[in-house]
Amino acid sequence: MANKPRTEETVSLPGDKESPLQFRNNPEIQKRLDAYKTANAKDVDYYTRVVKEAPERAKDMLLYKDMQRHEADMRLVEKQLPQAKAFYDAQTPAVKERIDGQLKNVQPYYKDKAFVGEVLREMNRKNRQILTAPQVGMGPKVAA
């Protein structure tokens, strides 16, 4: 996949002592978003009004959508967790140490999701080793 060109905009909020926010602009996404906004003009008006008149409510709305996505991710993680723990328990101490090392700085709220991600990464590593290991008796065949 080709790299997408990035244009960066800088936005500074009044009274903001931190560095200004930096946004990336992907023209393809912006084109799709513009079409969606045109088709949903009433929603655009509503959200614009909420941002102006009730910024706390706008913030809560955005965070609620993020929370719903996180909860959906966690439902999947909960289904994967028993198999991930079984895989982890069957590994050598070196593999367990590698997985634990990746998890040491993860916030407790995200620990299960990160654990499943690391186990999946380790499973992928093992699968690649199996695929790249030379097979006994699978060398080139020579005609007699």
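The following exchange examines Q91, the largest pocket and helix α1 in a predicted model.

Student: Is Q91 buried or exposed?

Tutor: Q91 lies in the loop between α3 (55-89) and α4 (93-103). A residue counts as buried under 20% relative accessible area. Because the relative accessibility of Q91 is 14%, this residue is classed as buried.

Student: Which side chain does the side chain of Q91 join in a polar contact of 3.5 Å?

Tutor: With neighbours within four places in sequence left aside, Q91 is in contact with K96 and K126. The polar contact of 3.5 Å links the side chain of Q91 to that of K126.

Student: Which element supplies the largest share of the lining of the largest pocket?

Tutor: The largest pocket has a volume of about 800 Å³. Of its 19 lining residues, those closest to the centre are L33, K37, Y47, V51 and L62. At least two lining residues come from each of β2 (21-25), α1 (27-39), α2 (41-53) and α3. The largest share, six residues, is supplied by α2.

Student: How many residues in the lining of the largest pocket are nonpolar?

Tutor: Grouped by class, the lining includes four polar and five charged residues. The nonpolar residues in this lining number 10.

Student: What distance separates the end C-alpha atoms of α1, and what span is expected?

Tutor: At the start of α1, a side-chain oxygen of N26 comes to within 3.0 Å of the backbone nitrogen of E28. The helix has 13 residues, so at 1.5 Å a residue the expected span is 18 Å. The separation of the end C-alpha atoms agrees with this expectation, at 18 Å.

How values were computed: Residues are numbered from 1 along each chain as its sequence is written. This is a predicted model: local features need pLDDT of at least 70, side-chain atom pairs count only at pLDDT 80 or more; totals for chains, interfaces and linings use all residues. Side-chain values use heavy atoms; hydrogens and water are left out. Helices (H or I, at least four residues) and strands (E, at least two) are DSSP runs, numbered from the N terminus. Buried means under 20% relative accessible area, exposed over 50%, partly exposed in between (1.4 Å probe, protein chains only). A polar contact is a pair of N or O atoms within 3.5 Å; within protein, one must be able to donate a hydrogen and the other to accept it, and residues adjacent in sequence count only if both atoms are side-chain atoms. Contact means heavy atoms within 4.5 Å. On a 1 Å grid over the protein atoms alone, a cavity is a set of points where a 1.4 Å probe fits but cannot get out, and a pocket is an open set with protein on both sides within 12 Å along at least five of seven lines; lining residues have an atom within 4 Å of a point. Grid points are joined across faces, edges and corners, and a volume is the space filled by probe spheres set on the points. Ala, Val, Leu, Ile, Met, Phe, Trp, Tyr, Cys and Pro count as nonpolar, Asp, Glu, Lys and Arg as charged, and the others, Gly among them, as polar. The expected span of a helix is 1.5 Å times one less than its number of residues.
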